[in-house]
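Reader: Before I use any of the descriptive labels attached to this structure, I would like to see how each is justified. Could we go through them one by one, setting values against definitions?

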Amino acid sequence: MNPLALLLAATVPALALLISVDPVTPTVVLVATAVALRLSPARPVDLLRRARPLLLAATSIGVLNALLSQAGGRLLVDVGPVTVTTGAAVAGASTALRLLAVALPGLLAVLLIDPVDLADALVQQARVPARPAYGALVALRLVPLLTEDWTQLRRARRARGIAAGSPLGAIRLFAGQVLGLLVQALRRGTRIATAMDARGFDSTGPRTFARAAVLTSADRWLVVASVLVTTCAVVLSVATGAWRPVLG
Amino acid sequence: MVEAGERVLLLGPSGGGKSTLLRALAGLLDDDAGAAEGSLLVDGRLAREVRGRTGLLLQDPDAQLVMSRAGDDVAFGLENRAVPADRIWPRVDAALVQVGFPYARDRSTAELSGGEKQRLALAGVLALEPGLLLLDEPTSQLDPSGAALVREALARPTGATTLLVEHRVADVVGLVDRVVVLEPGAGVVADGPPAAVFRERGADLAARGVWVPGREPSSARRARSPGAPLLGAEAVRAFRGVPAAPVDVTLHAGEAVALTGRNGAGKSTVAAVVAGLEAPAEGRVVTYPDLGGPSAPLHRWPARRLVQAVGTVFQSPEHSFLTASVAAELLAGPRRSPEADASARRRSEVLLDRLGLTAVAGANPFTLSGGQQRRLSVATALASAPRVLVLDEPTFGQDALTWAALAELCEELLDEGRALLVVTHDEAFVQRLADRVQVLG
């Protein structure tokens, strides 16, 4: 799939979700996301693992909203100062579902996109200049190496007899280590820039593309499907009377 | 003057500017990067004007790969040079075949070993069909099997004129037909076929630290008698649930143990565990009464207490430098009392002298040569007089002089009753020092 089409398809429902707080729109979007996940080559386990912090955030925000909501309705929970009405429960669930429905399609898209393909599509189709696009790609490749550097820096400080001791010492230790990491990042960056320029990356002339970024009919259908799902969700929400615009 | 098609090995003392010369020939140096004297001509034209004719392979395999798939990485240079798209993939495939890359084009570069990465980087250079191939210590950061993979690829005919910089001469002498020896300030001091250069100048070159075949430093072992146990590892594993057998080892006073094994087996992590820098994922580290110190597990000892018992010398010294001068580096660390400060200063002067660093005491550690940095990191570990010293690849990429100095220093430390754990691939170093060898993975 074309990375730009995937990102666009993941963004369309978020636009509708931003203007309304109701349980119906996000539910429809989430069902559609589940279907997309089922049809895609991505494994649900991978999506769940990446979504873990998101699920945690959505749950806590939902619960908090239910507890603080002033909405009326039948009393569901009444323990001392804690009261939750049906209206409050719906409000809490809406917020939680809305957060998930905004973020999960994007997470799925990111899971399906190879960074190299994204850089190709950005350069060839979105007319992003090649240097920053492929430069960012290299920066991405450096992340695991810098993680190793961080471990080395931490070990090296302990091996030199340096420990936090106090909270202030901990800040100083951390700052020193961050500085060390910056030095390593610069050194690695300089080295890789040398290797890239030696292979002609700094030439100002035209560049060819070994991999053509193409937009297939499947990509177009994906975006159309995303627009259709979003429209259906809004129509259904309005028809059931659940639609609650944020403004007005 | 190098003729077309020649394969030349460049030799000279470390810090002599060999790498800089290669970068200049590749047209990568700006005029303001230093005081440039004279000019470099490739095909009779200035190096910068004929960038497309030169290819450069560097030391660090991780600093040369750009893309996440092997074939894409080889194609990267061809795209930059605007080779038409339909001609790119045949050239990529030809280059991969030429270096003996054993996987398909869509192989993830993250899954390659160091030697395979370096082969791929070579394919990326050869795909550009350079007339002049510049190789800057292409095997210096690889383990022996990885280095052999790369040498095998380099032995295949490329048709390109080749300039090679390499410390370990014996390994590459079969790949070249001419040796040129450079000397800072004096220029070319020897030039000719390898056999003739080493016959006439061998002793002189060896005295300058070049690894001359047949004149390597001695790897003869001295007899020693180990003392009381100091530190041990019981069933230690670097990572939880790895298939490799756990490490069981006890370090006695005056004894050196070598830890060997292929790259990625977790040797450095095991060393960090034994050195008290990491908690073991499995197993435990045992401290014996002769080591002194608290009864807590070693990785929970206060750092300032740890460094008096166990010192560590890391594979890449620059990670551990903390200050702006060599002298300050030896005094850095935990705050001491005034009397302890005075004795630390005396000890640091002795150490600087012993490791040949007195002349550079005022220099910034980051500006030192590789050999000097290594000696400085040994000195900082010894500054707190630990009973046990853990060294991670201490001889990696060192010239013969630094190698011999490190071996002698280690022998002195053993004679003083210290224990050494050495992580290394260096067969000669193992032969000379190790009382026992532990193979990991």
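Author: Let us begin with a single pair of residues, bearing in mind that this is a predicted model: Val236(B) has Val247(B), in E10(B), as its bridge partner.

Reader: What makes E9(B) and E10(B) a pair of strands?

Author: Two strands pair if DSSP finds at least two bridges between them, and five bridges join strand E9 (residues 229-237) of chain B to E10(B), so the condition is met. The two strands run antiparallel.

Reader: Which sheet do these strands belong to, and which of its strands are called edge strands?

Author: They belong to an open sheet of three strands in chain B, ordered E10-E9-E12, with antiparallel pairing. Strand E10 (247-252) and strand E12 (282-287) of chain B are the edge strands, since each pairs on one side only. When direction is ignored, neighbouring strands of this sheet are turned against each other by 5 degrees on average.

Reader: Which helix lies across E9, E10 and E12 of chain B?

Author: Helix H8 (residues 267-274) of chain B does, and it runs at about 135 degrees to E9(B).

Reader: How do you know that E14(B) and E15(B) are paired?

Author: The cut-off is at least two bridges, and between strand E14 (residues 388-392) and strand E15 (residues 419-423) of chain B there are five, so these strands count as paired. They run parallel, and Leu391(B) stands opposite Val422(B) in E15(B).

Reader: What is the order of the sheet that holds them, and which strands are its edges?

Author: Five strands of chain B make up this open sheet, in the order E13-E14-E15-E11-E16, and the pairing is parallel. The edge strands are E13 (310-313) and E16 (436-439) of chain B, each of which pairs on one side only. Here neighbouring strands are turned by 15 degrees against each other on average, again with direction ignored. Helix H13 (residues 400-415) of chain B lies across strand E11 (256-260), E14 and E15 of that chain, and its direction is at about 145 degrees to E15(B).

Reader: Turning to chain A, why is H2(A) called roughly parallel to H4(A)?

Author: Helix H2 (residues 24-39) and helix H4 (residues 86-112) of chain A pack at an angle of about 25 degrees, with their axes 9 Å apart. Angles under 35 degrees count as roughly parallel, and the value for H2(A) and H4(A) therefore earns that description. The crossing in which H2(A) passes H4(A) is left-handed.

Reader: Which residues make that contact, and how do they divide by class?

Author: On the H2(A) side they include Pro26(A), Val29(A), Leu30(A) and Leu37(A), and on the H4(A) side they include Leu97(A), Arg98(A), Leu104(A) and Leu108(A). By class, the contact of H2(A) with H4(A) has 11 nonpolar residues, two polar and one charged.

Reader: Why are H3(A) and H4(A) called roughly antiparallel?

Author: Helix H3 (residues 44-68) of chain A packs against H4(A) at an angle of about 160 degrees, and the axes are 8 Å apart. Angles over 145 degrees count as roughly antiparallel, so the term applies to H3(A) and H4(A). Their crossing is right-handed, and the contact divides into 20 nonpolar, five polar and two charged residues.

Reader: How does the radius of gyration of each chain stand against the globule rule?

Author: For the 441 residues of chain B the rule gives a value near 22 Å, and the chain has 24 Å, which agrees. For chain A, a compact globule of 248 residues would come near 18 Å, but the chain has 24 Å. Along the principal axes, the C-alpha atoms fill a box of roughly 70 × 50 × 40 Å in chain B and roughly 70 × 60 × 35 Å in chain A. Chain B has 14 helices and 16 strands, while chain A has eight helices and two strands.

Reader: How many residues does each chain bring to the contact between them, and which helix of chain A gives the most?

Author: Chain A brings 38 residues and chain B brings 50. Helix H5 (115-124), helix H6 (130-159) and helix H7 (167-198) of chain A each supply at least two residues of the side that touches chain B, and H6(A) gives the most, with 11 residues. That side of chain A divides into 20 nonpolar, eight polar and 10 charged residues.

Key:
Residues are numbered from 1 along each chain as its sequence is written. Chains are lettered from A and ligands numbered from 1 in the order in which they are written. This is a predicted model: local features need pLDDT of at least 70, side-chain atom pairs count only at pLDDT 80 or more; totals for chains, interfaces and linings use all residues. Axes are lines fitted to C-alpha atoms, for helices over the stretch in contact, and angles run from 0 to 180 degrees between N-to-C directions. Helices (H or I, at least four residues) and strands (E, at least two) are DSSP runs, numbered from the N terminus. Angles under 35 degrees count as roughly parallel, over 145 as roughly antiparallel, 65 to 115 as roughly perpendicular and the rest as oblique. A crossing is left-handed if the near helix is turned anticlockwise from the far one by less than a right angle, and right-handed if clockwise. Two residues are in contact if their C-beta atoms, placed from the backbone, lie within 7 Å. Ala, Val, Leu, Ile, Met, Phe, Trp, Tyr, Cys and Pro count as nonpolar, Asp, Glu, Lys and Arg as charged, and the others, Gly among them, as polar. The radius of gyration is taken over C-alpha atoms; the globule rule is 2.2 Å times the number of residues to the power 0.38.
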